[in-house]
Amino acid sequence: MEDSLILQKFENEKTRNESFSLLLEKYQQKVYWHIRRMVLNHDDADDLVQDVFIKVWKNLINFRQDSQLYTWIYRIATNECITFLKKKRAKNNISIDDLGEQLSENLNEENYFSGDAIQKKLQEALLTLPEKQKLVFNMKYYDDLKFQEISDILGTSVGALKASYHLAVKKIEHHLLSND
C-alpha cells in the first residue's frame, strides 16, 4: 500500500489502527534489520523496534511529509540506535573500542545469528568502523538506499556520505584481508 494512503487512513480516527497495522507490515522488518545491524543483539533490536514504532505512533499525526515516510521512520530508528549505543557505552563506562569488542563477543554468542563465517567476518569488520561510517555502510550496502536518501535520514551532505562510505569500504577490505 502506498504511504500516502496509509497516512490518509491514519488521519481518520476510525481507520487509524488499520493504518498503523499496514505501516508496521510495510516497515517493521526493514527497521528491525537496520537496527539489528547496528546493535547486533536480537533482544536489543526488538526493544528498539518497539520504541521506534511507539514514537512513530505518537508523532505520525504531526508528520509534515517534508520527506518520505520511510526516511522519517529510518531517521527515528537511527537516532534510537545512536542513543542506545551511547547509553550502553556510558552505563558500562566503556570506550567505543571496548563496546565494539563487547558487541563482537555478543555476535559470537548470539543464538539468532544465522550468518556463515564470511558474514560473521564482515560483521566483525563493521565493528571496527566509527559509528557514522558503520551507519552509512549499512544503509548503502544492506538497505540499498541511495546517497540522497541517506542524506535525508542523517542530515549530511551527499559528498560527505560518499567519502564515509568509501573509507568504510577500504577499512572493511583491509580488515578482511589482514584477518584471514
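## Close-ups of an all-helix chain

**Figure 1. Asp66 sits out in the open, with 63% relative accessibility, which counts as exposed.** Bear in mind for this and every other view that the model is predicted. The side chain of Asp66 pairs up with that of Arg64 in a salt bridge, with 3.0 Å from N to O. Arg64 is exposed too, at 65% relative accessibility. Gln65 belongs to the loop that runs between helix H3 (42-59) and helix H4 (69-91). Its backbone does something worth a look: phi is positive, about 60°, although Gln65 is not a glycine. At 47% relative accessibility, Gln65 counts as partly exposed, because the exposed class begins over 50%.

**Figure 2. The whole chain is built from helices, nine of them, with zero strands.** Starting at the N terminus, the elements read α-α-α-α-α-α-α-α-α. Of the 180 residues in the chain, 43% are buried. Take the contacts between residues at least 6 apart in sequence: 57% of these join residues at least 24 apart.

**Figure 3. Helix H1 (residues 3-11) meets helix H2 (residues 16-39), with their axes coming within 7 Å.** The two axes cross at roughly 150°, and that makes H1 roughly antiparallel to H2. As for handedness, H1 passes H2 in a left-handed crossing. From the H1 side, the residues in the contact are Asp3, Ile6, Lys9, Phe10 and Glu11. H2 answers with Arg16, Glu18, Ser19, Phe20, Leu22, Leu23, Lys26 and Tyr27. Sort the residues of this contact by class and you get six nonpolar, one polar and six charged.

**Figure 4. Two salt bridges, Lys26 with Asp3 and Glu18 with Lys9, shown up close.** A search of the whole structure turns up seven salt bridges. In the pair made by Lys26 and Asp3, the closest N and O atoms are 2.8 Å apart. Lys26 comes from helix H2 and Asp3 from helix H1, so this pair ties together parts that are 23 residues apart in sequence. What about solvent: is Asp3 buried or exposed? Asp3 counts as buried, at 16% relative accessibility, because the cut-off for that class is under 20%. Its partner Lys26 is partly exposed, with a relative accessible area of 31%. The other bridge joins the side chains of Glu18 and Lys9, at 3.0 Å from N to O. Glu18 is partly exposed at 41% relative accessibility, and Lys9 is partly exposed as well, with a relative accessible area of 23%. These residues also appear in the list for the contact of H1 with H2: Asp3 and Lys9 in H1, Glu18 and Lys26 in H2.

**Figure 5. H2 also packs on H4, at an angle of about 35° and with the axes 10 Å apart.** Here H2 passes H4 in a right-handed crossing. H2 brings Leu23, Tyr27, Lys30, Val31, His34, Ile35, Met38 and Val39 to the contact. Facing them in H4 are Leu69, Tyr70, Ile73, Tyr74, Ala77, Thr78, Cys81, Phe84 and Leu85. What classes of residue make up this contact of H2 with H4? The breakdown is 14 nonpolar, two polar and one charged. Leu23 and Tyr27 of H2 are in this contact, and they are listed for the contact with H1 too.

**Figure 6. Leu145 is tucked into a loop, and it is buried, with a relative accessible area of 6%.** The loop in question lies between helix H7 (131-142) and helix H8 (147-154). Which residues does Leu145 contact, leaving aside its neighbours within four places in sequence? Those partners are Tyr70, Tyr74, Met139, Lys140, Ile150 and Ile153. Tyr70 and Tyr74 are also among the H4 residues that meet H2. Thr71 sits 74 residues away from Leu145 along the chain, and the C-alpha atoms of the two are separated by 9.9 Å.

**Figure 7. Asp144 has a positive phi of about 55° although it is not a glycine.** Like Leu145, Asp144 is found in the loop between H7 and H8. Asp144 is exposed, with a relative accessible area of 61%, whereas Leu145 is buried.

Notes
Residues are numbered from 1 along each chain as its sequence is written. This is a predicted model: local features need pLDDT of at least 70, side-chain atom pairs count only at pLDDT 80 or more; totals for chains, interfaces and linings use all residues. Side-chain values use heavy atoms; hydrogens and water are left out. Helices (H or I, at least four residues) and strands (E, at least two) are DSSP runs, numbered from the N terminus. Buried means under 20% relative accessible area, exposed over 50%, partly exposed in between (1.4 Å probe, protein chains only). Contact means heavy atoms within 4.5 Å. Axes are lines fitted to C-alpha atoms, for helices over the stretch in contact, and angles run from 0 to 180 degrees between N-to-C directions. Angles under 35 degrees count as roughly parallel, over 145 as roughly antiparallel, 65 to 115 as roughly perpendicular and the rest as oblique. A crossing is left-handed if the near helix is turned anticlockwise from the far one by less than a right angle, and right-handed if clockwise. Ala, Val, Leu, Ile, Met, Phe, Trp, Tyr, Cys and Pro count as nonpolar, Asp, Glu, Lys and Arg as charged, and the others, Gly among them, as polar. A salt bridge is a side-chain nitrogen of Lys or Arg within 4 Å of a carboxyl oxygen of Asp or Glu.
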